[in-house]
Amino acid sequence: MKGDQFLTEMIRSELAEIVGPEYVSVSDSDKLVYSTDWAWMPQMWLDRGQPLHPPDFIVHPGSAQEISEIMDIANKYRIPVVPWGGGSGSQGGALPVFGGILLDLKRMNKIIAIDEKSLTVTAEAGIIISQLEWAVNEKNLTFPHYAASSNCATLGGALAPRGTGTVSTKYGKAEDMVLSMQVVLPTGEIIRTPPVPQHAAGPDWFRLFLGAEGTFGVITEATMRLDYIPEARFLRAVLFDDLTKALEAGRLMMTRRLDPFVIRLYDPASTASRVKKILGYEYTGAYMVIGFDGDPELAELQQKKALDICANLDAQDLGSEPGEKWWKHRYDFYYPPQNLKLPWMYGTTETITTYDKIENLYWAEKRAVEEGFADLGIKFIGHFSHWFHWGVMLYSRFIVEEPPEDAQEALRLHNRIWNTAMQAVIANGGMINEHHGVGLKLSRYMRKQYGEAWPMMLKLKKAIDPNGIMNPGKTGFGF
Amino acid sequence: MPIENIIDTIENCRYCLMCRHIASVELVTHKETLSPHGWALVIASVKRGLLEWDTDTVDVIYSAPDHGNSRAHCATKQPLPEAIAAVRTEIVNLQLAPPVVYELDKALREFGTPFAQRKPGVVPGEGDVALFVGDEAQYLQPKTLAVVSDLLVTIGIHPVMIGLGRNNGYLASSLGLKDTAIQLANDNLAELQASGAKRLLVLSPGDYFTFSQLYEERLGIEFPSDVELVELTTLLAERLEGGEIKFNKFAQDIPYAYVDPTHAVRVPDRHDHPRQLLAAVMPGEAKELFWRRERAHPVGSTALQFTQADIAGKLTTARLEDAQSSGAKLLISDDPGTIKQLETTAGKFGLEVRGLYDLLFEQLV
C-alpha cells in the first residue's frame, strides 16, 4: 500500500484500537521479516539484496472477535488481509505480495479442551504443532500430524494448505484429523462448522476452508482427532535395486491393508545423495523404510507380512537399524546446513496420482527436468512418502547448485523449470501438489488443473469474499 | 568466535524455523522477528544493505535471550547465541548499542557487577575445592550463599570462595562487551589459580556453561584442564546416591515444582540431580512445569533484565503461569538469579518460592 501517510496512520490507529498498540507493528524490521515466508523465491530475492513487497501492517490478534473487526476495516478500505501461521510454507502462500494487513495468528495459541474419551483436542489455530503435541503427550495421547515443519508450523497452517505429516499413511492428513473448525469469514462473520465431519446434513461445505490457504477466511480454532501413543513402533529398512518393484511392494502393502504408519521410498538418486549425506548409508538402489505401530503383536505380524512382500520382490532386508536411524533423524534433512539451501536453486514439485500412473509420471517429470535443463547440471530427486489405498504421493525436487547470480535471471529460470515439471505432472495425470499447498507459486496452474470446474471456484470465491481482500494472488484467486 | 563462523551461522539460521517450538521470547511476544530465525534474518539483511543498524534493529538484536534453547534443540548445533553476541560486539563498537549497555560496561569494569557499587571481595586462602560465588549469590541472594557455606562445611567441604561479588562474565559477553567479559573471566580464573583448587563448585547451570563453554567459544580463554568443574546439585546428588549424606523429609505435604533455572538446557545431564535431592526432602509427589528439563524456558535473569525489562518480565510471568497451571503452590530452584526473578512476582500468583539449598540444609541429617 503506497497510499497517503495520513491514511496509513489512520488505519494503523484503527487496528491498534482493536488489538492494542503493542500488537500492531509498522517497523522496518518486522516488515522485512514478514515479507518472506519459506518459499525459495522471496528468500533468494532477499539473499541477492533485493527488497520484497512488505506488509503495511503486522497485526497480532488475540481472538476471533478481533479478527472479525479487522475484516471490517479491510473491507472498508479495500486492503488485503494475509493470514500468517509459522511462515513455513514453501509455495509463497503467506507472502504479502499486495501489502495490506498481515495477520500473525501465533498469539492465538491456547489449548481449549482435551477430550480423553473421544480422543480430541480443541485448540486455537496459532499454536505451534510441536507444542500441541507435547501438551497431549502429557496425557499419553498424540496428535499424529508429524510434519517436518511441526516445530515451526501452526495448527491453522497445517489445515489451510491441507498439510501432511510423516505418518499420514496410517493416520491421515491434517484434513482427515479435523472434526470441526471456527472460521472468520472475509465479511467478518464468525462461524462454526458442524461438530463432526461424518454426517449427511447436506454438502461437506466445511472442507471449503481446507486448502483455501486463507482465501476463504481465517481458521481460528479447530477440534482435531488424537490417538493413543503407540504401545510399540517397529521400523525396518529394505533395499530394492529396481524402483518398479519397490513401488509395487508399497502398493501391495497398502491394497492388502497392512496398515503401515510409514512407507518412505527414496529413488536411487535420493538414496545416493540425501540418504548418504544425512544418514551416512552408501546404498545403491531404492532405499525404503517401513514402519508398523500399535499393539506389538499385531504390528509385528504386519511387519512380517510386509517383509514377505518385499522379499518376493527381491528386496534386501537391511534390518531394523537403518529404519530406526531414519526415524530418529527424519527431520535432520531439514536443518541447515544439511537442508536444501541458498545459494542453490531448488523446488519441491511434489505431486500425487494413482498407482497405475505414478511410475510413468515419475519418469516423465524426471526426463523433462533433467533433459530440459541438462546444461545447468540440474538434479532431480524424489521419494514416495504418503501412500493411499489407490495411489501414492511423489515428493520430487530439482536442484541447481550454481544458479544465475542475477536475481531476475534466477527467478525466470526457476519459473521455467517449474513450468516444465508441472506440464509433465498434469500431462501424466498428476495433481500440481499433494500437501505443500498452491500458494503463489502454483497459482497460475489452477485454471489448467481444474479446467471447466474453475469458474465454479471463482463464483464461490466471489460469494464468500466479495471484495477479494483475502490473501490475493494465492490459490489462483485475486489476479 | 571467528568471523567466518558467525557468517555461516547467520546464513544457516536466517531461513531455518526448526527451533521455533522452544523459542521463549517469540512465545511471549508472538513476534516472528523476535525468534532465532528473525534475529538471523535481520542481521543478514543489515549485511546486505536491506536494513541498517538503528534503534529498531538494535532493539531487535538486544531482544535475544541468550539462554541456549535454540542451540540445544538444533540438529546441527548452530551456535546462534554466540553469533548474536559477536554481532552485538560490532554494534557496541559502532557506539549504537542501547545506552544502558554502556552504563553496564562501566559498572562491570569498575565493580565487576551491576548489582552493587563496590569492588569484588577477596577471601585469601588455598584448598582443593573452590566455590565460585559470583555477583547474583552475593548481592541478590545472600541468604542462599550463607546456607550453601554452612551446608558444605557440614558435609566436610571447606571451599575457598572465589569471585565474591564478581560476575562470571556471561552478562558482559551477552551484551556484546567482549573486552569486559575477558577481563572478568581472567580475574575469576586468576583467583581460581591462586586458590590452588582442583575442583570448582558452581551454583547454577549458567555458571557451569560460562566456565565450561562460553570462556573458550566466545572469549578464546581456556578453562584450566586440571580443574574439575562441578555443579553443586550434581555433587550433592552423587553424595545422596552414595549414601554419604541423608535428609529428613518435611512433615507438611505442599504441592511443589522444581523450576529449571535459566541456562539449564545448556547442561543437558543435570536435570535429574535437583529433582533427586528434592525427592529426598519433600514428602509429596513433585509437579512438573510444562516447560521443563530439556525444553526449560528461562526466567528474566539474562541480560534482558537490563536491556528489555518488559520481555524479561514476560518470561518470568510465563514461568509463574506455567507453575500455577501445574498445581504447584511452592516453587523451588537453585540458581540465585532465577530465584530472585521468581520472587519478584510469585506472590501475585499465590506461589511461594524457596531455594533448594535452604531446604536441603534444613533437612540435612
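**Exercise 1.** Find the bridge partner of A:Ala123 in β10(A), then place β10(A) among its neighbours.

*Solution.* Start with the pair: A:Ala123 is bridged to A:Ala222 in β10(A). This is a predicted model; local features need pLDDT of at least 70, side-chain atom pairs count only at pLDDT 80 or more, and totals for chains, interfaces and linings use all residues. Residues are numbered from 1 along each chain as its sequence is written, while chains are lettered from A and ligands numbered from 1 in the order in which they are written.

Next, take the strands (DSSP runs of E, at least two residues, numbered from the N terminus). Two strands pair if DSSP finds at least two bridges between them. Strand β6 (residues 120-124) of chain A runs antiparallel to β10(A), with five bridges. Strand β8 (residues 178-184) of chain A is also antiparallel to β10(A), over six bridges. There, A:Val184 has A:Val218 as its bridge partner.

**Exercise 2.** Why is strand β10 of chain A largely enclosed by the rest of the structure?

*Solution.* Recall the term: a buried residue has 20 or more other C-beta atoms within 10 Å of its own, C-beta atoms being placed from the backbone. Now count. Seven of the eight residues of β10(A) (residues 218-225) are buried, so the strand is largely enclosed.

**Exercise 3.** How many residues of domain 1 and domain 3 of chain B are in contact?

*Solution.* Set the bounds: an automatic or database domain assignment gives domain 1 (3-96), domain 2 (129-238) and domain 3 (243-363) of chain B. Contact means C-beta atoms, placed from the backbone, within 7 Å. Domain 1 of chain B brings 13 residues and domain 3 of chain B brings 16.

Conventions: Buried ≥ 20, exposed ≤ 12 C-beta atoms within 10 Å, placed from the backbone. Helix = DSSP H or I, 4+ residues; strand = E, 2+ residues; numbered from the N terminus. Contact = placed C-beta atoms within 7 Å.
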